[in-house]
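Biologist: Could you take me through a close look at one part of this model, and then follow the packing outward from there? I would like one connected account rather than a list.

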Amino acid sequence: MTDRLGELSAAGVAIWLDDLSRTRLSSGGLDQLRREKHLVGVTSNPTIFAKALSDADEYDWQLKDLAIRGVDVEEAVRLLTTYDVRWACDVMRPAYDASAGVDGRVSIEVDPRLAHETEKTVAEAGALWWLIDRPNLFIKIPATEAGLPAITATLAQGISVNVTLIFGLDRYSQVMDAFLAGLEQAKANGHDLSKIGSVASFFVSRVDTEVDKRLEKIGTDQAKALRGKAAIANARLAYERYCAVFGSDRWQALADAGAHPQRPLWASTSTKNPDYRDVMYVEDLIAPGTVNTMPEATIHAVADHGEVRADTVTSCYDDARKAFNDLQNVGVDMADVVAVLEREGVEKFEASWLELLDGVRKSLTEAAKGAGQPGRAAKSSAQAAAKAGGNA
């Protein structure tokens, strides 16, 4: 059989999973994907955690322990999510070691309510880094205006960062500058640059969702012909900027000191429109030194029928620029599209975080009602810790 995922990896695309749950960890499903599907990384976000905690009883033992201890809901969420990420880091450690620290990474996001507060974001990043205590961890920081200096300050402390919620080209350039500044400060602070990793998560399908909605409203044949074109063009032009920055003298000085480049990560790569090919955001964004983080369904779809070509990005810059010009000519304001998507991205993660808090609050209340059996809770804790390899 054709190993399409193996071909994708050979073309320079790191395959990451955009999902995490304790069920996936305890069942061995994550490790199976690593061993059988060329998986070399994992991303999580508040939406993923909210779903994971609402769907599984794998968390019951820990919730009961937390209820017995009287832990408040904010701290409970921190302990529940960091437990999963720490465990996932251990599962992905072979990929980290095999790639000399480039891959095998697992991401956890700072509280999205801090997206517009620089100092609190930096403090939260440091707390998560200390609490999880794994070298293959990524701390996710949103690419908001307040997030940019937080990215630099966090990297300067030697903490690896996944910059998330990037939608536009100008903001992406600012993210890369924040990364370079962070590594320069980290070097000045005496940190080993070879141990610091970073990716820049450039969102894809959400761009088409927003642009297509505007094209439908415009309604002309010329506008409708541009549906499904914006996101891939946007990502390809982002990669052009990546190549320029990481071919610069400024970057070379950091590379000479052992630094790894901040790879572009294509996020939100499942198609939202059923009329589109289900693997288009993978097939059309193949380029060396990139990451594509996919839901499991997309990973399996690529394995089943994906068409893997050597490079579907660098020869398409002119086509991407033409698509942008055509969008502008029919009346789509890409700057406004980007502003809307960034605002909505933060709002959606905030809503998911509040949903997560509310779900954990209810679970703690229910667990407290059954907390009269501490022996059972302690037994469950010990069994779960043993299964997780001591991750409690």
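**Helix 9 and its surroundings**

Modeller: In this predicted model, glycine 158 takes a positive phi of about 85 degrees, and this glycine comes just after helix 9. Helix 9 itself, residues 147-156, is mostly covered, with eight of its 10 residues buried. The buried residues of helix 9 are Gly147, Leu148, Ala150, Ile151, Thr152, Thr154, Leu155 and Ala156. Among the elements that cover them are helix 8 (118-132) and helix 10 (169-188), together with strand 4 and strand 5 (161-166).

Strand 4 leads from this helix to the strands. Strand 4, residues 137-142, pairs with strand 3 in the parallel sense over four bridges, and within that pairing valine 106 stands opposite leucine 137 of strand 4. Strand 3 also pairs with strand 2 (residues 39-42), again in the parallel sense, here over two bridges, and arginine 105 of strand 3 is the bridge partner of glycine 41.

Strand 3, residues 105-109, is mostly covered, since five of its five residues are buried. In a regular strand the side chains alternate between the two faces of the sheet. In strand 3 both faces are covered, with Arg105, Ser107 and Glu109 buried on one side and Val106 and Ile108 buried on the other.

Helix packing elsewhere in the model can be followed through helix 18, beginning with helix 4. Helix 4 (residues 46-55) packs against helix 18 (residues 334-369) at an angle of about 25 degrees, with the two axes 8 Å apart, and helix 4 and helix 18 are therefore roughly parallel to each other. Helix 4 passes helix 18 in a left-handed crossing. On the helix 4 side the contact is made by Pro46, Thr47, Phe49, Ala50 and Leu53, and on the helix 18 side by Phe349, Ser352, Trp353, Glu355, Leu356 and Val360. The residues of this contact divide into eight nonpolar, two polar and one charged.

Helix 6 (residues 73-91) packs against helix 18 at an angle of about 100 degrees, with their axes 9 Å apart, which makes helix 6 roughly perpendicular to helix 18. Here Val73, Glu74, Ala76, Val77, Leu80 and Thr81 of helix 6 meet Trp353, Leu356, Leu357, Val360, Arg361 and Leu364 of helix 18. The residues of this contact divide into nine nonpolar, one polar and two charged. Trp353, Leu356 and Val360 of helix 18 take part in the contact with helix 4 and also in the contact with helix 6.

Key
Residues are numbered from 1 along each chain as its sequence is written. This is a predicted model: local features need pLDDT of at least 70, side-chain atom pairs count only at pLDDT 80 or more; totals for chains, interfaces and linings use all residues. Side-chain values use heavy atoms; hydrogens and water are left out. Axes are lines fitted to C-alpha atoms, for helices over the stretch in contact, and angles run from 0 to 180 degrees between N-to-C directions. Angles under 35 degrees count as roughly parallel, over 145 as roughly antiparallel, 65 to 115 as roughly perpendicular and the rest as oblique. A crossing is left-handed if the near helix is turned anticlockwise from the far one by less than a right angle, and right-handed if clockwise. Contact means heavy atoms within 4.5 Å. Ala, Val, Leu, Ile, Met, Phe, Trp, Tyr, Cys and Pro count as nonpolar, Asp, Glu, Lys and Arg as charged, and the others, Gly among them, as polar. Buried means under 20% relative accessible area, exposed over 50%, partly exposed in between (1.4 Å probe, protein chains only). Two strands pair if DSSP finds at least two bridges between them.
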